[in-house]
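Reader: I am new to this structure and would be grateful for a close look at a single part of it. Please take one residue as the point of departure and explain how its surroundings are built.

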Amino acid sequence: MWVNMHTGWHDIKKISPKVVWNTMFLLFFSSFFPYVTSLVSQNFYNEVAQVFYGVIILAVTTFNTLMYRSLAEIPENNKAMTFFMNERKWISYDIALKVLGLILSI
């Protein structure tokens, strides 16, 4: 996640309030990683713990995608638009695999 953020933000010239809010939600949901990882490790066969972990993963992925999209919407960030357009196909695959994993955990 750190490498992707560094790569995505390297050439950013301007941000908007939408970028700030998406980034704040991304960081908020990322802060749950230690808790949900511990919860799943202690209750591995518990469906509620597995679903909670999957929901956090999907929330982080969603707000990460929204953050990059909102960066790409700003005209001064031409390279961010290029980066986001190149990664869009992989983002779709990533989300599909995470949803499949969430469904299989139930």
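Author: A residue counts as buried when its relative accessible area is under 20%, as exposed when that value is over 50%, and as partly exposed in between. The model discussed here is predicted. The part chosen for the close look is Phe-25, which lies in helix 2. Its relative accessible area is 36%, between the two cut-offs, and therefore Phe-25 is partly exposed.

Helix 2 itself covers residues 17–30. Phe-25 also belongs to a nonpolar surface patch of about 710 Å², to which Ile-15, Val-20, Trp-21, Met-24, Leu-27 and Phe-28 contribute as well. Membership of such a patch requires over 30% relative accessible area, and Phe-25 has 36%.

Phe-25 can also be placed relative to a remote point of the sequence. Phe-63 is 38 residues away from Phe-25 along the chain, yet the C-alpha atoms of the two are 6.5 Å apart in space. Other pairs offer a contrast. Gln-42 and Phe-32 are separated by 10 residues in sequence and by 16 Å from C-alpha to C-alpha. For Trp-90 and Asn-46, the separation is 44 residues in sequence and 30 Å in space, again between C-alpha atoms. Gln-42 is located in helix 3 and, with a relative accessible area of 61%, is exposed. Trp-90 is a residue of helix 5, and its relative accessible area of 51% makes it exposed too.

Helix 2 has a further link to a distant part of the chain. Lys-18 forms a salt bridge with Glu-73, and the closest N and O atoms of the pair are 3.1 Å apart. Lys-18 is in helix 2, whereas Glu-73 is in the loop between helix 4 and helix 5, 55 residues apart in the chain. Both partners are partly exposed: Lys-18 has a relative accessibility of 46%, and Glu-73 has 45%. The count of salt bridges comes to two. The other pair is Asp-94 and Lys-98, with closest N and O atoms 2.9 Å apart. These two residues are four apart in helix 5, so about one helical turn separates them. Asp-94 is partly exposed at 31% relative accessibility, as is Lys-98 at 27%.

The setting of helix 2 may now be widened to the whole protein. There are five helices and zero strands, and the order of elements from the N terminus is α-α-α-α-α. Two packed helices are described by the angle between their axes and the distance between the axes. Helix 3 (residues 33–42) and helix 4 (residues 47–72) pack at an angle of about 155 degrees, their axes lying 9 Å apart. Because angles over 145 degrees count as roughly antiparallel, helix 3 is roughly antiparallel to helix 4. Their crossing is left-handed. Helix 4 also packs with helix 5 (residues 78–105): the two axes come within 10 Å and cross at roughly 170 degrees. Helix 4 and helix 5 are therefore roughly antiparallel to each other, and helix 4 passes helix 5 in a left-handed crossing.

Finally, the overall dimensions may be given. The C-alpha trace spans about 50 × 25 × 20 Å along its principal axes. Of the 106 residues of the protein, 33% count as buried; Phe-25, being partly exposed, is not one of these.

Terms used. Residues are numbered from 1 along each chain as its sequence is written. This is a predicted model: local features need pLDDT of at least 70, side-chain atom pairs count only at pLDDT 80 or more; totals for chains, interfaces and linings use all residues. Side-chain values use heavy atoms; hydrogens and water are left out. Patches are made of residues with over 30% relative accessible area and no salt bridge: like charges are joined within 9 Å, nonpolar side chains (Val, Leu, Ile, Met, Phe, Trp, Tyr) within 5 Å. Accessible areas come from the Shrake-Rupley method with a 1.4 Å probe; for residues, only the protein chains shown count as cover. A salt bridge is a side-chain nitrogen of Lys or Arg within 4 Å of a carboxyl oxygen of Asp or Glu. Buried means under 20% relative accessible area, exposed over 50%, partly exposed in between (1.4 Å probe, protein chains only). Axes are lines fitted to C-alpha atoms, for helices over the stretch in contact, and angles run from 0 to 180 degrees between N-to-C directions. Angles under 35 degrees count as roughly parallel, over 145 as roughly antiparallel, 65 to 115 as roughly perpendicular and the rest as oblique. A crossing is left-handed if the near helix is turned anticlockwise from the far one by less than a right angle, and right-handed if clockwise.
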